[in-house]
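Biologist: Hi, could you pull up the model for me? I'd like to go through it with you.
Modeller: Sure, here it comes.

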Amino acid sequence: MSKLGKFFNGAGSSKTRAAPSPQEALARLRETEEMLGKKQEYLESRIQRELSLARKHGTQNKRAALQALKRKKRFEKQLAQIDGTLSTIEFQREALENSHTNTEVLRNMGLAAKAMKAVHENMDLNKIDDLMQEITEQQDIAQEISEAFSQRVGFADGFDEDELMAELEELEQEELNKKMTNIRLPSVPSSSLPAQPERMPERMPSRMPGRMPGRMPGMSSTAHRSRAASSRRAEEDDDDIKKLSAWAT
């Protein structure tokens, strides 16, 4: 048996050492990844250094150049091994994380199943049916109450429509009378109408030079204008009285 096999067999036969928790194992794997990453950076820097030495010596010192290239090859081999180790550790860490997640999911689902079982133990299907039937009956009663409230109450059936219309007409007439009292009638003109001139004897007026035909002798233009203004005011008063009478009816 090889030394490596003896080491693992000895570690497995130890009963006093307890298995680490998933959190502890994940922490150890992350620490190992960090250590190997630093080793990678060191090997990469050494490879670049040995390559620079080999270029420096070149044909001047072939032995030193060859030694530098040999060291570079060893460092490259170690770097490849570390790359493989990191890949293995990364795979193991992801598998452990998935296993830990599945374990937690399974444990929580088991707790939920136990809680549901404990809740359902206190339930009776017959009681649930009775409860649902009671809820339905109460909903029907509430619907009937709502419909009863929404119906119109016949408070106005005892009134006579004709009496109400007559009372409304009286109110409208009172309002119309109030408006009539507030209306201001047009004032009567204070100036007296001009006296009508005496009529001349009916005879054909003789045409006199410098006088317009059809105008009575002795009638001035001022008298004509006064009579026209009086006639217009009388017509306006008649129109106002007619409009007021029509509005009142």
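Biologist: Let me start with one residue: in which helix does Glu-44 lie?
Modeller: Glu-44 belongs to helix α2. Do keep in mind as we go that this is a predicted model.

Biologist: Okay. Is Glu-44 buried or exposed?
Modeller: In between: Glu-44 is partly exposed, with a relative accessible area of 43%.

Biologist: And how many residues apart in sequence are Glu-44 and Glu-76, and what is the C-alpha to C-alpha distance in space?
Modeller: They are 32 residues apart in sequence, and their C-alpha atoms are 7.9 Å apart in space.

Biologist: What does Glu-76 pair with in a salt bridge?
Modeller: Its partner is Lys-72, and the closest N and O atoms are 2.9 Å apart. Both residues lie in helix α3, with their positions 4 residues apart in the numbering, about one turn of the helix. Residues three or four places apart in an α-helix point the same way, because there are 3.6 residues a turn.

Biologist: Which of those two is buried, and which is partly exposed?
Modeller: Lys-72 is the buried one, at 10% relative accessible area, whereas Glu-76 is partly exposed at 31%.

Biologist: What about Glu-50, where does that lie?
Modeller: Glu-50 is in helix α2. Its relative accessibility is 2%, so Glu-50 counts as buried, the cut-off being under 20%.

Biologist: Which residues is Glu-50 in contact with, leaving aside neighbours within four places in sequence?
Modeller: Ala-68, Arg-71, Lys-72 and Phe-75. Three of these names come up again in α3, where the buried residues include Ala-68, Lys-72 and Phe-75.

Biologist: What do the buried residues of α3 pack against?
Modeller: They pack against α2. Besides those just named, the buried set of α3 includes Leu-79, Ile-82, Leu-86, Ile-89 and His-100.

Biologist: How does the span of α3 agree with its 60 residues?
Modeller: At 1.5 Å a residue, α3 should span 88 Å, and its end C-alpha atoms are indeed 88 Å apart.

Biologist: Back to charges. How many salt bridges are there in the whole structure?
Modeller: A search turns up 7. One of them joins Glu-33 and Arg-93, whose closest N and O atoms are 3.0 Å apart. That pair links distant parts of the chain, 60 residues apart, with Glu-33 in helix α2 (residues 22-57) and Arg-93 in helix α3 (residues 62-121).

Biologist: Is Arg-93 buried or exposed?
Modeller: Arg-93 counts as buried, with 15% relative accessibility.

Biologist: Another pair, then: what is the N to O distance between Arg-107 and Glu-104?
Modeller: Their side chains meet in a salt bridge at 2.9 Å. This pair also sits within helix α3, 3 residues apart, or about one turn. Arg-107 is partly exposed at 47% relative accessibility, and Glu-104 is partly exposed at 27%.

Biologist: Which residues do shared partners join into one network?
Modeller: Arg-30, Glu-33, Arg-93 and Glu-97 are joined that way, through salt bridges.

Biologist: Switching to the surface: which residues form the nonpolar patch?
Modeller: Val-119, Met-123, Leu-125, Ile-128, Leu-131, Met-132 and Ile-135, with about 660 Å² of accessible area together. Helix α4 (residues 125-150) gives the most to the patch, with 5 residues. Ile-128 is in that helix and is partly exposed, at 34% relative accessible area.

Biologist: Zooming out, how many helices and strands are there?
Modeller: The protein has 6 helices and 0 strands. Of its 249 residues, 8% count as buried. The accessible surface comes to about 22600 Å², with carbon and sulfur atoms supplying 55% of it.

Biologist: What share of the contacts with a separation of 6 or more comes from residues 24 or more positions apart?
Modeller: Those account for 77%.

Biologist: Last thing, what pLDDT does the protein average?
Modeller: The average is 76, and 64% of the residues score at least 70.

Biologist: And where does pLDDT stay under 50?
Modeller: Over residues 205-220, for which the model has 5 contacts beyond four places in sequence.

Terms used: Residues are numbered from 1 along each chain as its sequence is written. This is a predicted model: local features need pLDDT of at least 70, side-chain atom pairs count only at pLDDT 80 or more; totals for chains, interfaces and linings use all residues. Side-chain values use heavy atoms; hydrogens and water are left out. Patches are made of residues with over 30% relative accessible area and no salt bridge: like charges are joined within 9 Å, nonpolar side chains (Val, Leu, Ile, Met, Phe, Trp, Tyr) within 5 Å. Accessible areas come from the Shrake-Rupley method with a 1.4 Å probe; for residues, only the protein chains shown count as cover. A salt bridge is a side-chain nitrogen of Lys or Arg within 4 Å of a carboxyl oxygen of Asp or Glu. Helices (H or I, at least four residues) and strands (E, at least two) are DSSP runs, numbered from the N terminus. Buried means under 20% relative accessible area, exposed over 50%, partly exposed in between (1.4 Å probe, protein chains only). pLDDT is the predictor's confidence in each residue, from 0 to 100. Contact means heavy atoms within 4.5 Å. The expected span of a helix is 1.5 Å times one less than its number of residues.
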